Amino acid sequence: MLANTLTLNDGHEIPRLGLGVWQARDDEAAKAVTHALSCGYRHIDTAAIYGNEAEVGRGLRDSDVPRDQIFVTSKVWNDRIRAGETAEAIDESLKLLGIEQLDLMLLHWPTEGRNIAWQALIEARKAGLVRSIGVSNFLPEHLDELVGETGVVPALNQIEHHPWLNQADIKLACKRHGIAVEAWSPLMQGRFAESPVIGEIAAATGRTEAQVVLRWALQQDIIVIPKSVTPSRIEENAQLFDFELDAQQVASIDAIGHEERLGPDPATFDF
Ligand code: NDP
């Protein structure tokens, strides 16, 4: 049995399932958050650059679920990292969300100034503004450098990860450092049909393709943050803890030949 939460290297628990809200706009974002909380989600993933922290905050307040039962993540955008304005970015995210503490704050991309920004996150954690601190899109060399320079290991690395991008090298580096892995675009942005094996496993298990790919990630101890603003899909994507893929099904997904990155490459990104 897979527990609903995973323990981070700082001792805090993170729900293995969260709602992603990139590209969810205005009222849509607030409604998606409130609906997700009503159907069992206890983790929301936003970012300053998504421009919807205020709506996410409204969604949190519109819900009956108490704040202390919800895990809220945001991210410091690259311009703030480069400008050495991480402390200001944290204050802004807290204000927009209307909360007093973030459960997790990430550096969004490994841009120039990341190690200084990391020190600012360490300070914010000491000050109680954030509970856990982590990174996103960090390659093994970025992780090694960050830990070597600051001595503080991130709790989590949020990376693009799905059946078309297995990220074995990053997962290994995270394991070596004791860093939890969280998958972005875990649903391949909805493009399952391009890999028929996923449909075959869905038919064999009586589950949907989305549930199959999310479960495949969960069985590797990877946290998933599928995005949806569609109520029925939000519900569907949460039904992950009452079935299991067998070793053969996992191996078939591992063996999908199609290799495709859906987002920018952290080795060459320029924004
Ligand atoms: P996902 O892989 O989560 O796919 C989302 C898309 O799939 C949407 O178009 C959604 O449509 C559709 N969808 C959702 N559920 C289903 C379903 N059950 N069946 C069919 N289609 C479905 O993509 P994202 O890129 O949004 O990644 C998830 C989250 O990861 C983001 O929202 C964000 O929080 C985070 N992220 C982080 C990044 C980073 O750099 N750290 C980069 C990119 C994303 P609809 O909403 O219309 O239902």
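**Close-up 1. Buried and exposed residues of helix α7 in the predicted model.** Helix α7 spans residues 168-177, and its buried residues are Ile170, Lys171, Ala173, Cys174 and His177. Viewed down the axis of α7, these buried residues fall within an arc of 160 degrees, so they line one face of the helix. An α-helix has 3.6 residues a turn, so residues three or four places apart point the same way. Ala168, Leu172, Lys175 and Arg176 are exposed on the other side of α7.

**Close-up 2. Surroundings of helix α7.** The buried residues of α7 pack against three elements: α6 (140-150), β8 (156-160) and β9 (180-184). After α7 comes Gly178, which has a positive phi, near 75 degrees.

**Close-up 3. The stacked pair of Trp77 and Phe271.** The structure holds 4 aromatic pairs. In the pair shown here, the ring centres of Trp77 and Phe271 are 5.7 Å apart and the planes are at 5 degrees; planes under 30 degrees apart count as stacked, so this pair is stacked. Trp77 is in the loop between β5 (71-76) and α3 (78-83), while Phe271 is in the segment after α11 (247-254), so the pair ties together parts that are 194 residues apart in sequence. Trp77 counts as buried because its relative accessibility is 17%, and Phe271 counts as partly exposed because its relative accessibility is 34%.

**Close-up 4. The tilted pair of Trp109 and Phe269.** The rings of Trp109 and Phe269 lie 5.0 Å centre to centre, with 35 degrees between the planes, and form a tilted aromatic pair. Trp109 belongs to the loop between β6 (102-107) and α5 (114-126), and Phe269 to the segment after α11, so this pair ties together parts that are 160 residues apart in sequence. Trp109 is buried, with a relative accessible area of 5%. Phe269, at 16% relative accessibility, also counts as buried.

**Close-up 5. One aromatic cluster.** Trp77, Trp109, Phe269 and Phe271 together form one aromatic cluster. The cluster includes the stacked rings of Trp77 and Phe271 and the tilted rings of Trp109 and Phe269.

**Close-up 6. Arg215 and the ring of Phe243.** Arg215 has its charged end over the ring of Phe243. The distance from this charged end to the centre of the Phe243 ring is 5.8 Å.

Definitions and conventions
Residues numbered from 1 in each chain as written. Predicted model: local features only at pLDDT ≥ 70, side-chain atom pairs only at ≥ 80, totals over all residues. Heavy atoms only, no water. Buried < 20%, exposed > 50% of the residue type's maximum accessible area, 1.4 Å probe, protein only. Helix = DSSP H or I, 4+ residues; strand = E, 2+ residues; numbered from the N terminus. Arc of directions from axis to C-beta. Contact = heavy atoms within 4.5 Å. Phe/Tyr/Trp six-rings, centres within 6.5 Å; stacked < 30°, edge-to-face > 60°. Lys NZ or Arg CZ within 6 Å of the ring centre and 35° of its normal.
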